[in-house]
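Dear colleague,

I am passing the structure below on to you, together with a short account of what came out of looking through it. Please have the coordinates open while you read the notes that follow.

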Amino acid sequence: LLLSIRKNYSKCPPSLRKVFDILSDQTSRKFPDLRWKIVGSVFFLRFINPALSQPEAHALVSKELTAGQRRALIT
């Protein structure tokens with residue numbers, strides 16, 4: 001997944017790249033050892049987590065999930 005993200009970084013909207021560049025720069029100043037962990041966490045929490053918790057809202061599934069399926073995704 002990370003390799004795919006790196007390869008497609010240039011296809012990412014310029015405004016989003018700018019946000020992550022600024023986040024990376026500011027993070028490295030205060031927490032140099034945590035720079036990429038923080039950037040990765042923001043990416044995961046902003047993009048991956050919503051898609052996992054509500055896949056139908058992001059057109060990732062064709063039908064409504066059962067309560068068990070949703071629980072499994074969230075867990």
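Which are the buried residues of α2? In this model, which is predicted, they are F20, S24 and T27, and they cover an arc of only 75 degrees around the axis, which puts them on the same side of α2. That fits what is expected in general, since an α-helix has 3.6 residues a turn, so residues three or four places apart point the same way. What covers these buried residues of α2 includes α3, whereas the face of α2 turned away from its buried side carries the exposed residues P14, S15, K18, V19, R29 and K30.

The length of the helix can be checked as well: α2 runs over residues 14-30, and at 1.5 Å a residue its 17 residues should span 24 Å, which agrees with the 25 Å that separates its end C-alpha atoms.

The other finding concerns the surface, where F44, L45, L52, L73 and I74 form a nonpolar patch with about 460 Å² of accessible area together. Two or more residues of this patch come from each of the elements α3 (35-53) and α4 (67-74), and α3 gives the most, with 3 residues. One of the patch residues, L45, lies in helix α3 and has a relative accessible area of 56%, so that L45 counts as exposed, the cut-off for which is over 50%.

With best regards

Terms used
Residues numbered from 1 in each chain as written. Predicted model: local features only at pLDDT ≥ 70, side-chain atom pairs only at ≥ 80, totals over all residues. Heavy atoms only, no water. Patch = residues over 30% accessible without salt bridge, like charges linked within 9 Å, V, L, I, M, F, W, Y side chains within 5 Å. Areas by Shrake-Rupley, 256 points an atom, 1.4 Å probe, with all protein chains shown as cover. Salt bridge = Lys/Arg side-chain N within 4 Å of Asp/Glu carboxyl O. Helix = DSSP H or I, 4+ residues; strand = E, 2+ residues; numbered from the N terminus. Buried < 20%, exposed > 50% of the residue type's maximum accessible area, 1.4 Å probe, protein only. Expected span 1.5 Å × (residues − 1). Arc of directions from axis to C-beta. Contact = heavy atoms within 4.5 Å.
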